[in-house]
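Here is a quick walk through one model, written for someone who likes to check things in the viewer. Keep the cysteines and the strands in view as you read.

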Amino acid sequence: MGFLKVTILLLFSFTILFPLSLSQNTPQDYVAAHNKVRTPIGLKPLTWNTTLVQYAQNYANQRSVDCELIHSDGPYGENLAEASWDLTAAEAVQMWADEKPFYNYLLDSCVPGEMCGHYTQIVWRDTATVGCAKIFFAQLPSILFFFFFLLNLSIAQNSKENYLHGHNIARAQVGVKPLIWNTAVASYAQRYANERASEDCNLEHSRGPYGENIAEGGGVFSGWDAVNMWVGEKKYYDYGSNSCVGDECLHYTQVVWRNSIHLGCGRAKCSNGWWFVTCNYDPPGNYQGQRPY
């Protein structure tokens with residue numbers, strides 16, 4: 001068994017043994033599959049990056065122990081896929097591109113209950129280069145890993161611009177003025193996120209002077225994901241009765257609270273691998289008896 005594993009991990013060295021797989025997973029195949037999706041919407045093509053290839057291969061080798069779809073949480077954007085057949089570059093990229101119908105451009109979010117993050121990574125405007133790796137298992141599905149360089153995608157999805165954009169889209173829909181980033185509020189939020197991450201990471205409010213939304217999630221749960229989660233409560237807010245109907249909605253009402261002017265957010269990684277995200281609002285919202293807008 002040990003010899004078989006070594007042979008599989010060295011797949012790209014034995015072209016005579018696996019000519020079909022290699023011919024469908026060259027750098028040109030990976031790049032072409034991505035650019036086929038990017039070109040029709042006017043985006044610049046991706047180019048191949050050998051540094052990213054090495055990163056991708058190193059992490060793919062690490063996952064060879066269990067073949068689980070767990071993200072590396074590294075400095076790059078990342079899509080993962082696996083299959084029980086010899087999955088090719090074109091098939092993996094098409095799998096992600098098929099999420100396109102679930103991306104709502106006007107709301108800049110996924111259709112509720114569906115995934116679209118793999119597609120949006122493929123067509124992310126600022127992404128410039130791509131590097132990929134693929135490994136096989138003797139008794140497990142083949143697993144194909146794709147790693148993208150995005151000018152620090154993991155940072156970009158947690159930038160102040162992303163937090164503001166997510167909030168202000170929701171506010172614009174109900175005619176409320178956009179929030180403004182406040183460094184003092186952001187410092188407060190980051191300190192509290194660090195505090196929660198260093199302890200138990202429970203979803204407990206800071207009970208400070210600001211309005212506050214908190215969330216946590218696994219994988220590469222980002223600030224953008226947290227804001228989308230809060231905004232997703234919109235369907236449970238009934239404006240006529242000024243109350244939540246069917247489920248929680250107070251995160252959403254704080255997002256769109258008319259009198260809130262300043263925003264600051266923080267994010268920290270918990271000991272269990274999850275991410276704790278908090279956003280604070282000044283002045284605070286959700287005053288009993290008042291409407292958000």
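## Cys 110 and its partner

Cys 110 is partly exposed, because its relative accessible area of 31% falls between the 20% and 50% cut-offs. This is a predicted model, by the way. Cys 110 is in a disulfide with Cys 116, and the two sulfur atoms sit 2.0 Å apart. Cys 116 is a buried residue, with a relative accessible area of 3%. So this link has a partly exposed end at Cys 110 and a buried end at Cys 116. As for handedness, the angle about the S-S bond is -85 degrees, which makes the Cys 110 to Cys 116 link left-handed.

## Cys 244 and Cys 249

Next up is the disulfide between Cys 244 and Cys 249, with an S to S distance of 2.0 Å. Cys 244 comes out as partly exposed at 31% relative accessibility, whereas Cys 249 is buried at 1%. The link between Cys 244 and Cys 249 is left-handed, with -80 degrees about the S-S bond.

## A disulfide across two strands

Which way does the link of Cys 265 and Cys 279 turn, left-handed or right-handed? It is right-handed, with 105 degrees about the S-S bond. The pair ties together distant parts of the chain, since Cys 265 belongs to strand E11 and Cys 279 to strand E12, 14 residues apart. The S to S distance for Cys 265 and Cys 279 is 2.1 Å.

Both ends are covered: Cys 265 counts as buried at 6% relative accessibility, and Cys 279 is buried too, at 0%. In terms of strand pairing, Cys 265 also stands opposite Cys 279 in E12.

## The whole disulfide set

How many disulfides does the count come to? The total is 4. If you number the bonded cysteines along the chain, the pattern reads 1-2, 3-7, 4-5, 6-8. On the subject of cysteines, Cys 132 is buried as well, at 4% relative accessibility.

## The sheet around E11 and E12

Now for the strands. E7, E11, E12 and E8, in that order, make up an open sheet of 4 strands with mixed pairing. Strand E7 (180-181) and E8 are the edge strands; each has a single partner strand, so one side of each has no neighbour in the sheet. Helix H8 (residues 160-173) packs on the sheet and touches E7, E11 and E12, with its direction at about 120 degrees to that of E11.

Strand E11 (residues 262-269) runs antiparallel to E12, and 8 bridges join them. Among the pairings between these two, Gly 264 stands opposite Asn 280 in E12. E11 and E12 form a hairpin with 5 residues between them, and in the turn Gly 273 has a positive phi of about 95 degrees.

## E12, from its other side

E12 is also paired with strand E8 (residues 211-217): the two run antiparallel and are joined by 7 bridges. One of the matched pairs there is Gly 211 with Tyr 281 in E12.

How much of strand E12 (residues 275-282) is buried? The strand is mostly covered, with 7 of its 8 residues buried. Cys 279 fits into that picture, with its relative accessible area of 0%. For anyone tracing side chains here, in a regular strand they alternate between the two faces of the sheet.

Notes. Residues are numbered from 1 along each chain as its sequence is written. This is a predicted model: local features need pLDDT of at least 70, side-chain atom pairs count only at pLDDT 80 or more; totals for chains, interfaces and linings use all residues. Side-chain values use heavy atoms; hydrogens and water are left out. Buried means under 20% relative accessible area, exposed over 50%, partly exposed in between (1.4 Å probe, protein chains only). Two strands pair if DSSP finds at least two bridges between them. A disulfide is a pair of cysteine sulfur atoms within 2.5 Å. Contact means heavy atoms within 4.5 Å. Axes are lines fitted to C-alpha atoms, for helices over the stretch in contact, and angles run from 0 to 180 degrees between N-to-C directions.
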